[in-house]
Amino acid sequence: MNLTNQNIEELIALCKENNQKAQFEIYNRYCKAMYNVAYRIVKDEHFAEDVMQEGFLKAFTKINDFKQEVAFGAWLKRIIVNYSIDFYKKNNQFKTEDFEKTLYKLEENDIDREEKLDFNDLKVKQVLETIQSLKYNYSMVLTLFYIEGYDQEEISEILKISYANCRTTLSRAKENLRKKLNEL
């Protein structure tokens, strides 16, 4: 049975029947993208591969929960993101900042005073490396916001922080990124 020409809905139906060939086909279609998602969060090639594979296993065991309210890739990506963050936290590398102690109000004028930066001269790789060089909570928020495409409400849910803390962290992360990019 050749599954390479099947559409994703047909493959999902087969996965719900525990068809291993269909699971393997889905894995092959999404593994590179999900590895990249995991790698951007855990920042280690070997751990990213483990996290990605565990995420797929979790997805296949919960495939009956997939109600097709969102695209399958988005559903799978959410599982990988959550599993990656949990993995990172379990390894004590994620140190939460006490946002209530450091919370500050951004003035509306700050947005108007942003320095102009010619991003055309920067390469994507430089920007990604600069994001990764920031402290972890800034790097995480920027990755989820700019690279993974989550909005602030979704990020606050994923990181289990308040919406206000998410906004503050994102604002500070953007400012730190802007400063580092100006130094390049």
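Hi everyone. A word on classes before we start: Ala, Val, Leu, Ile, Met, Phe, Trp, Tyr, Cys and Pro count as nonpolar, Asp, Glu, Lys and Arg as charged, and the others, Gly among them, as polar. Keep that in mind for the pocket I'd like to show you. And please remember throughout that this is a predicted model.

So, the second largest pocket. Its volume is about 220 Å³. Who lines it? Going along the chain, we meet Asn36, Tyr39, Arg40, Lys43, Lys125, Leu128, Glu129, Gln132 and Ile147. With the classes I just gave, that lining divides into 3 nonpolar, 2 polar and 4 charged residues. Two helices, H2 (20–42) and H7 (124–133), each supply at least two of the lining residues. Which helix gives the largest share? That would be H7, with 4 residues.

Let's look at a few of these lining residues one by one, beginning with Lys43. Lys43 is found in the loop between H2 and helix H3, which spans 45–61. Its backbone deserves a look: phi is about 60°, a positive value, although Lys43 is not a glycine. For context, most residues other than glycine have a negative phi. With a relative accessible area of 29%, Lys43 is partly exposed.

There is another case on your screen. Gln68 also isn't a glycine, and its phi is positive, near 60°. You'll find Gln68 in the loop between H3 and helix H4 (72–90). Its relative accessibility is 45%, and Gln68 therefore counts as partly exposed, since that class runs between 20% and 50%.

Back to the pocket lining, and on to Ile147. This residue lies in helix H8. Is Ile147 buried or partly exposed? At 28% relative accessibility, it counts as partly exposed. Ile147 is also a nice example of the fold bringing sequence-distant residues together: Ile147 and Val37 are 110 residues apart in sequence, yet their C-alpha atoms are 9.0 Å apart in space.

What about the rest of H8? The helix covers residues 136–147, and it is mostly covered, with 9 of its 12 residues buried. The buried ones are Tyr136, Asn137, Tyr138, Ser139, Met140, Val141, Leu142, Thr143 and Leu144. Just after the helix, Gly149 takes a positive phi of about 85°.

One of those buried residues, Tyr138, has a charged partner. The charged end of Lys135 sits over the Tyr138 ring, 4.9 Å from its centre. A second arrangement of this kind involves Lys77, which lies over the face of Tyr150 at 5.6 Å from the ring centre.

Now for the aromatic rings. How many aromatic pairs are there? The count comes to 10. Take Tyr35 and Tyr39: their ring centres are 6.0 Å apart and their planes are at 15°, so the pair is stacked. Both tyrosines lie in helix H2, 4 residues apart, about one turn of the helix. As a reminder, an α-helix has 3.6 residues a turn, so residues three or four places apart point the same way. Tyr35 is partly exposed at 23% relative accessible area, and Tyr39, which we met in the pocket lining, counts as partly exposed at 35%.

Compare that with Phe56 and Phe60. Here the ring centres are 6.0 Å apart and the planes are at 40°, so this pair is tilted. These two sit in helix H3, 4 residues apart, again about one turn. Phe56 counts as buried at 2% relative accessibility, and Phe60 counts as buried at 13%. Elsewhere, ring pairs link Tyr30, Phe66, Phe72 and Trp75 into a cluster.

Last topic: cysteines. How many disulfides does a search of the whole structure find? The result is 0. Two cysteines to look at are Cys15 and Cys166. Cys15 is buried, with a relative accessible area of 0%, and Cys166 counts as buried at 0% too.

If you take one view away with you, make it the pocket, with Lys43 from the loop between H2 and H3 and Ile147 from H8 both in its lining. Thanks, and I'm happy to go back to any of the views.

Methods
Residues numbered from 1 in each chain as written. Predicted model: local features only at pLDDT ≥ 70, side-chain atom pairs only at ≥ 80, totals over all residues. Heavy atoms only, no water. 1 Å grid on protein atoms, 1.4 Å probe; cavity = no way out; pocket = protein on both sides within 12 Å on 5 of 7 lines; lining within 4 Å. Points joined across faces, edges and corners; volume = space filled by probe spheres on them. Buried < 20%, exposed > 50% of the residue type's maximum accessible area, 1.4 Å probe, protein only. Disulfide = S-S within 2.5 Å. Phe/Tyr/Trp six-rings, centres within 6.5 Å; stacked < 30°, edge-to-face > 60°. Lys NZ or Arg CZ within 6 Å of the ring centre and 35° of its normal.
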